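User: Could you walk me through this model? I'd like to start with the overall layout and then move on to particular contacts.

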Amino acid sequence: MYNTKQKTQLIEYLKTQKDPMSATEIANNLKEIGKSTVFRLLKTLEEESIIQSFAENRIKFYIYSPQCCHEHIHAACIKCGRFIHLDSEASHEIEKAMEKSGLKIDSDQVIQCVCDKCRSSEN
């Protein structure tokens, strides 16, 4: 799909965000792009593997994910929303463990977890 001004603007905005955001949050921060256009563009960007998404409590969150980011697994903290890029070695170990159980993990998926910071604050 070709890049429109709005699509480029959305990509540039997502590049500046370090944490995942819901479509509503994104649309509220990009008032110059209509809400329905933001939703449509997010779907397109996800299909083009420019962004990744995961669902938490029935809300879909999006994060910019360049092509080079598809060679490892990602995790998202279910408590604070922190997005974690697992290194290649950890990703490989998880993939091996899954394969031993007859499963294959898709590196475009996001594993939900509780991060170290949230676990330590629980104690």
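Analyst: A definition comes before the layout: helices (H or I, at least four residues) and strands (E, at least two) are DSSP runs, numbered from the N terminus. Read along the sequence, these elements follow the pattern α-β-α-α-β-β-β-β-α-β-α, with five helices and six strands in the protein. This is a predicted model, in which local features need pLDDT of at least 70 and side-chain atom pairs count only at pLDDT 80 or more, while totals for chains, interfaces and linings use all residues. Residues are numbered from 1 along each chain as its sequence is written, and side-chain values use heavy atoms, with hydrogens and water left out.

User: What box do the C-alpha atoms fill, and what share of the residues is buried?

Analyst: Taken along the principal axes, the C-alpha atoms fill a box of roughly 45 × 35 × 25 Å. Of the 123 residues, 37% are buried, where buried means under 20% relative accessible area, exposed means over 50%, and partly exposed is in between (1.4 Å probe, protein chains only). The protein exposes about 7,900 Å², and carbon and sulfur atoms supply 50% of that area; accessible areas come from the Shrake-Rupley method with a 1.4 Å probe, and for residues only the protein chains shown count as cover.

User: OK, sheets next. What is the strand order in the one with antiparallel pairing?

Analyst: That open sheet of three strands has the order β1-β3-β2, where two strands pair if DSSP finds at least two bridges between them. Its edge strands are β1 (21–22) and β2, each of which pairs on one side only. Two bridges join β1 to β3, and these strands run antiparallel; serine 22 has phenylalanine 61 as its bridge partner in β3.

User: Which helix packs on that sheet?

Analyst: Helix α3 packs on the sheet, touching β2 and β3, and its direction makes about 115° with that of β2. Axes here are lines fitted to C-alpha atoms, for helices over the stretch in contact, and angles run from 0 to 180 degrees between N-to-C directions.

User: And which strands make up the sheet with mixed pairing?

Analyst: It is an open sheet of three strands in the order β5-β4-β6. Strands β5 (83–85) and β6 (110–113) stand at the edges with a single partner strand each, so one side of each is left without a neighbour in the sheet. The twist averages 30° from one strand to the next. Three bridges join β4 (residues 74–77) to β5, and the two run antiparallel; the bridge partner of alanine 75 in β5 is isoleucine 84.

User: Switching to the interior: which residues have the most contacts inside the largest nonpolar core?

Analyst: Those are Leu10, Leu14, Ile26 and Leu42, in a core of 16 residues. A nonpolar core is a set of buried Ala, Val, Leu, Ile, Met, Phe, Trp, Tyr and Cys residues joined through side-chain atoms within 4.5 Å. The elements that give two or more residues to this core are α1, α2 (23–29) and α3. Apart from it lies another core, of eight residues, among them Ile84, Ile105, Cys115 and Cys118.

User: What does leucine 10 touch, leaving aside its neighbours within four places in sequence?

Analyst: Leucine 10 is then in contact (heavy atoms within 4.5 Å) with Ile26, Leu30, Ile33, Val38, Leu41, Leu42 and Leu45.

User: Now the charged pairs. How many salt bridges are there, and which residue does lysine 7 meet?

Analyst: The structure holds six salt bridges, each being a side-chain nitrogen of Lys or Arg within 4 Å of a carboxyl oxygen of Asp or Glu. In one of them, the side chains of lysine 7 and glutamate 48 meet at 2.9 Å, N to O. Lysine 7 lies in helix α1 (residues 5–15) and glutamate 48 in the loop between α3 (35–47) and β2 (51–56), so the pair ties together parts that are 41 residues apart in sequence.

User: Are those two residues buried or exposed, or in between?

Analyst: Lysine 7 is buried, with a relative accessible area of 1%, whereas glutamate 48 is partly exposed at 25%.

User: What about lysine 60 and lysine 96, which partners do they have?

Analyst: Lysine 60 forms a salt bridge with glutamate 46, with the closest N and O atoms 3.2 Å apart. This pair links distant parts of the chain, lysine 60 being in strand β3 (residues 59–64) and glutamate 46 in helix α3, 14 residues apart. Lysine 96 pairs with glutamate 93, the closest N and O atoms being 3.7 Å apart; both lie in helix α4 (residues 88–100), three residues apart, about one turn of the helix.
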